[in-house]
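Student: I'd love a close look at the enclosed spaces inside this protein, and at what surrounds them. Could you walk me through that part?

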Amino acid sequence: MTRMTYAGKRADLIVHEREPFNAETPREALAVTPLTPTDAFYVRSHGPVPAAQDSPWRIAVGGLVARELSISLAELGGRRFARTEVVATLQCAGNRRAGLMDVGDIPGEAPWGPGATGTARWGGVRLGDVLAAAQPSPAAHHVAFIGADRSEEADPPQLYGSSIPLDKARRDEVLLADTMNGEPLPDLHGAPVRVVVPGYIGARSVKWLGRIELRREPWDGYYQATVYRLLAAGETPAPGRGIELNQIALNTDFLSPRDGAVLRGGVAELTGYSFAGGERRVGRVDVSADDGATWIQAELLEDEGPWAWRRWRARLELGAGRHELVARAWDTSGATQPERPETVWNPKGYVNNAWARIRLQMV
Ligand SMILES: Nc1nc2c(c(=O)[nH]1)N[C@H]1C(S)=C(S)[C@@H](COP(=O)(O)O)O[C@H]1N2
Ligand SMILES: [Mo]
């Protein structure tokens with residue numbers, strides 16, 4: 001039996017903050033299966049889990065719609081909207097921030113490693129079906145999601161909220177989810193209902209969903225207008241400043257062996273993950289033992305569908321001594337990853353998709 005810690009999470013999670021609970025999955029746990037076990041899945045929360053609401057929980061749909069709705073859990077349970085499942089990778093925009101902190105200070109943010117990501121089977125109803133019932137007006141171009149959790153770290157303190165374009169919201173893969181890996185959604189992951197926006201930064205997959213608002217413009221709250229935006233060096237966060245992050249950028253990291261491992265036998269067996277984001281897919285993964293002068297191709301493992309990462313493995317024969325290995329992916333738009341974190345450093349530490357690096361010693 002795995003020893004349990006906070007609210008059903010495994011004791012080996014790397015905890016960045018106790019309250020609100022923020023923790024990432026260790027590489028070893030991500031390495032085992034294509035779907036991430038729920039008890040090992042990363043948690044990123046900007047406020048406390050909201051207190052249990054008066055049942056029945058309902059989700060209000062309003063704003064620029066012809067028909068305002070108030071949806072009950074029973075309606076999400078299949079009474080009104082058809083149920084469906086999607087395997088999707090969630091990934092925080094702050095995934096791999098630690099690699100940027102090695103390059104330059106990022107005050108006020110935690111040093112997340114490569115485990116601010118995970119892949120689960122999400123079950124629920126299509127957001128598009130709910131929107132069709134509400135009949136968005138022609139002026140509606142964005143769909144905002146407002147959670148029930150109040151974030152004190154926001155300026156000013158406010159309910160957590162964010163939005164996506166209406167065109168994305170109508171797509172089949174975007175869910176109002178109430179199950180995760182076949183079980184009821186756990187409290188830490190947004191029970192009773194969260195949004196799952198495959199291909200977009202985790203911040204858009206709003207947990208503890210309370211309200212859906214159709215709007216002309218993107219959500220103007222802190223987590224859309226001020227943070228989760230890519231700033232230029234020297235800029236500080238302010239409403240509307242910087243590039244709003246939406247589709248996830250192509251990324252890769254090693255999962256095993258661990259950094260600094262000492263290996264025998266002359267062969268290194270490497271595993272890792274790559275995720276393309278947006279509507280792109282992982283096309284190829286390369287690994288190099290000579291800092292990119294020459295590459296071998298990794299073998300792509302299980303294909304869990306268009307919204308999931310690809311795990312991969314590679315075998316490299318290496319002579320005795322110290323080695324540094326690098327890995328990078330290519331996606332189906334032909335894009336690849338930048339070599340060095342120096343070139344992608346930004347003041348909030350988002351989107352570190354520089355080549356993955358791992359050091360090994362062969363004896
Ligand atoms: N209501 C609410 N939804 C939220 C957040 C939050 O703080 N409050 N954090 C977001 C961020 S930044 C990420 S990366 C994902 C993390 O989802 P998880 O905790 O289920 O892994 O949830 C998103 N949804
Ligand atoms: Mo995030």
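How many nonpolar, polar and charged residues are there in the lining of the second largest cavity?

Tutor: Happy to, with the reminder that this is a predicted model. The lining of the second largest cavity has seven nonpolar residues, two polar ones and one charged one. You can pick them out in the view: Y6, E19, P20, F21, S45, G47, P48, V49, L188 and W208 line this cavity. By the class rule, Pro counts as nonpolar and Gly as polar, so P20 and P48 belong with the nonpolar residues of this lining, and G47 with the polar ones. The volume enclosed here is about 30 Å³.

Now for the other closed space. The structure holds two cavities of 30 Å³ or more, and the largest cavity has about 230 Å³ of space. Its lining is made up of 19 residues, and R44, R194, G202, S205 and K207 are the ones nearest its centre. By class, that lining comes to ten nonpolar, five polar and four charged residues.

R44 is a good place to turn to the open spaces. Besides its place by the centre of the largest cavity, R44 is listed with H46, G108, E109 and E153 as closest to the centre of the second largest pocket, which 18 residues line. That pocket holds about 250 Å³, and its lining consists of eight nonpolar, four polar and six charged residues.

The largest pocket has about 510 Å³ of space. Among the 20 residues that line this pocket, R96, A98, G99, D102 and R357 lie nearest the centre. Two elements, α3 (97-101) and β23 (356-362), each contribute at least two residues to the lining, with β23 giving the most, four residues. Nine residues of this lining are charged, eight are nonpolar and three are polar.

For the packed interior, look at the largest nonpolar core. This core has 66 residues, and the members touching the most others are W122, F145, L176, I212, L214 and Y228. Helix α4 (residues 127-134) supplies the largest share, five residues. Apart from this core lies another, of 22 residues, including A268, A276, A298 and L318. To see the packing around one member, try L214: beyond its neighbours within four places in sequence, L214 is in contact with V61, G62, G63, L64, V65, L131, P136, A140, H142, V143 and L166.

Definitions and conventions:
Residues are numbered from 1 along each chain as its sequence is written. Chains are lettered from A and ligands numbered from 1 in the order in which they are written. This is a predicted model: local features need pLDDT of at least 70, side-chain atom pairs count only at pLDDT 80 or more; totals for chains, interfaces and linings use all residues. Side-chain values use heavy atoms; hydrogens and water are left out. A nonpolar core is a set of buried Ala, Val, Leu, Ile, Met, Phe, Trp, Tyr and Cys residues joined through side-chain atoms within 4.5 Å. Buried means under 20% relative accessible area, exposed over 50%, partly exposed in between (1.4 Å probe, protein chains only). Contact means heavy atoms within 4.5 Å. On a 1 Å grid over the protein atoms alone, a cavity is a set of points where a 1.4 Å probe fits but cannot get out, and a pocket is an open set with protein on both sides within 12 Å along at least five of seven lines; lining residues have an atom within 4 Å of a point. Grid points are joined across faces, edges and corners, and a volume is the space filled by probe spheres set on the points.
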